Amino acid sequence: MTAYHIFTPDDALRFADQHSELFGDHSKLSAVEFGDGNLNLVFRVSNDKGTSLIVKQALPYARCVGESWPLSTDRARIEAEVLQQHGRFCPQHTVEVLHFEPALSAILMEDLKQYQILRSELVKGKTFAHLASQMATYLAQTLFYSSDFVLSGPVKKAAVARFINPELCLITEDLFFTDPYCNHERNTIHALILPRARQLWQDEELQAEVAALKADFLSKPQALLHGDVHSGSIFINADNCKVIDAEFGFYGPIGFDVGSLLGNLLLNYVACPGLFAPEQAEQQQAYLLAQVRELWQQFAAQFSQLMASETQDSALQNSRYQQHFLQQVLADSLGYAGCELIRRTVGLAHVADLEKITDAKKRAEAELRAIELGRALIMQRAKLAQMDAVLTLVQQVTV
Ligand SMILES: Nc1ncnc2c1ncn2[C@@H]1O[C@H](COP(=O)(O)OP(=O)(O)O)[C@@H](O)[C@H]1O
Ligand SMILES: CSC[C@H]1O[C@H](OP(=O)(O)O)[C@H](O)[C@@H]1O
């Protein structure tokens, strides 16, 4: 068995050639490393006829920081296995894993080169009519079929154990729920919003609600989450979208995945006036609000339908329980969306939606909108029983 070593492009090329029939005999291959994420190496291996595959390898540390932040390479196993599971539940919207090599922490997967990263497209002002409906399907299918509604107690517990992901969960626990609410050295805060960030560090009312969301993140293993459904993890084109990058996967609260995506749509929403001229900003914001509404409505409809028709456990077949469950998922989703808005503004990992705003004053205004909206969603999540009320709040808070 080959021992772990950090891949060069040549290593990635040999790995792809060994484990795929796609390239044909001795065809001319080339490989390039082009990863732009925070954690891993990503290579594209191509032949001279335009066929290509992706090799993703986990480094023993976080790429964005370096060796001073060691990180288990077991995250590659988690990523491969989550993608394989989600691929069984929703193949049309999950990147296909072709091979996983545990010793090398390396995954061979399909190349989504006919797609674009959603975040980059939203920052350019592009819109996709099917985004909400397809992502609602992805979320409903992957979350429902990995939950207690379908799995027996023993099978579910074995799955929870298999997807224990302590190191990557700790990153989320710190970056989402702790760092933004104190003066932590990992935070990056632009000078113009420092006074508002300082208020977050004193905001005990908000911190109490964030603590409740963190406690649920720590102890509510409802379904096998992707764990990081931000708009940089979604590849999209005019026809379809596919989700990548599931290394933060674990059994957690369903609202965390739904809320991460809602939060990312709303991050783009608050950024629009800084990114675009007024008329385009207004159009893009209307598109985003429609997608937020549709995402929840379609997710809720599909999840309800699945609960009604596919639930195995007789106690969980109770329809009042199912309605209550979904209502709680909405409240959780809004809370986690709020956490995403705040952590992307004052925490370690910022997003292009805000960072691409070149005018510092406009960027600060957008960041302040993200904080106010994030706070409102977290504080009011239990009262916001309908999406209409959520959309009204978004518009009121971000004027
Ligand atoms: N299957 C794929 N097809 C095409 N490009 C990919 C694929 N997977 C990753 N990439 C590229 O690599 C980048 C980083 O991948 P990602 O999985 O987000 O890495 P990280 O885990 O380091 O965040 C993506 O933004 C994308 O440009
Ligand atoms: C040091 S990890 C920071 C941040 O990065 C992850 O996203 P990605 O790997 O897709 O860039 C995740 O959102 C983490 O919170």
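Here is a chat about the two ligands in this predicted model and the residues around them.

Q: Hi! Let's start with ligand 2. Which residues surround ligand 2?
A: Hi! The shell of ligand 2 consists of Asn 38, Cys 64, Trp 69, Leu 175, Asp 228, His 230, Asp 245, Phe 248, Arg 343, Arg 344, Leu 348 and Ala 349.

Q: And how does that shell split by class, nonpolar, polar and charged?
A: Around ligand 2 there are six nonpolar residues, two polar ones and four charged ones.

Q: What distance separates an oxygen atom of ligand 2 from an N or O atom in the side chain of Arg 343?
A: That distance is 2.7 Å. Two acidic side chains also have an N or O atom by an oxygen of ligand 2: for Asp 228 the separation is 2.9 Å, and for Asp 245 it is 3.0 Å.

Q: Nice. How much of the accessible area of ligand 2 does the protein cover?
A: On its own, ligand 2 has 400 Å² of accessible area, and the protein covers 94% of that.

Q: Why does ligand 2 lie between domain 1 and domain 2?
A: Because both domain 1 (9-110) and domain 2 (116-397) give residues to the shell around ligand 2.

Q: Okay, switching to ligand 1. Which residues come nearest to ligand 1?
A: There are 20 residues around ligand 1, and the nearest are Asp 36, Asn 40, Lys 56, Glu 110 and Glu 247.

Q: What about polar atoms there, say for Lys 56?
A: In the side chain of Lys 56, an N or O atom is 2.6 Å from an oxygen atom of ligand 1. The side chain of Asp 36 likewise has an N or O atom 2.7 Å from an oxygen of ligand 1. With Glu 110 the backbone takes part: one of its polar backbone atoms is 2.9 Å from a nitrogen atom of ligand 1.

Q: And how much of ligand 1 is covered?
A: The protein covers 92% of the 550 Å² of accessible area that ligand 1 has on its own.

Q: Where does ligand 1 sit?
A: Ligand 1 is in the largest pocket, and ligand 2 also sits in the largest pocket.

Q: Which element gives the most to the shell around ligand 1?
A: That would be β2, with three residues. The elements giving two or more residues are β2 (40-47), β3 (52-58) and β7 (106-110).

Q: Last ones: what is the class split for ligand 1, and which domains does its shell draw on?
A: The shell around ligand 1 has 10 nonpolar, three polar and seven charged residues. Domain 1 (9-110) and domain 2 (116-397) each supply at least three residues to that shell.

Definitions and conventions:
Residues are numbered from 1 along each chain as its sequence is written. Chains are lettered from A and ligands numbered from 1 in the order in which they are written. This is a predicted model: local features need pLDDT of at least 70, side-chain atom pairs count only at pLDDT 80 or more; totals for chains, interfaces and linings use all residues. Side-chain values use heavy atoms; hydrogens and water are left out. A residue is near a molecule or strand if one of its heavy atoms lies within 4 Å of it. A polar contact is a pair of N or O atoms within 3.5 Å; within protein, one must be able to donate a hydrogen and the other to accept it, and residues adjacent in sequence count only if both atoms are side-chain atoms. Accessible areas come from the Shrake-Rupley method with a 1.4 Å probe; for residues, only the protein chains shown count as cover. On a 1 Å grid over the protein atoms alone, a cavity is a set of points where a 1.4 Å probe fits but cannot get out, and a pocket is an open set with protein on both sides within 12 Å along at least five of seven lines; lining residues have an atom within 4 Å of a point. A molecule sits in a cavity or pocket if more than half of its atoms lie within 2 Å of its grid points. Ala, Val, Leu, Ile, Met, Phe, Trp, Tyr, Cys and Pro count as nonpolar, Asp, Glu, Lys and Arg as charged, and the others, Gly among them, as polar. Domain bounds come from an automatic or database domain assignment. Helices (H or I, at least four residues) and strands (E, at least two) are DSSP runs, numbered from the N terminus.
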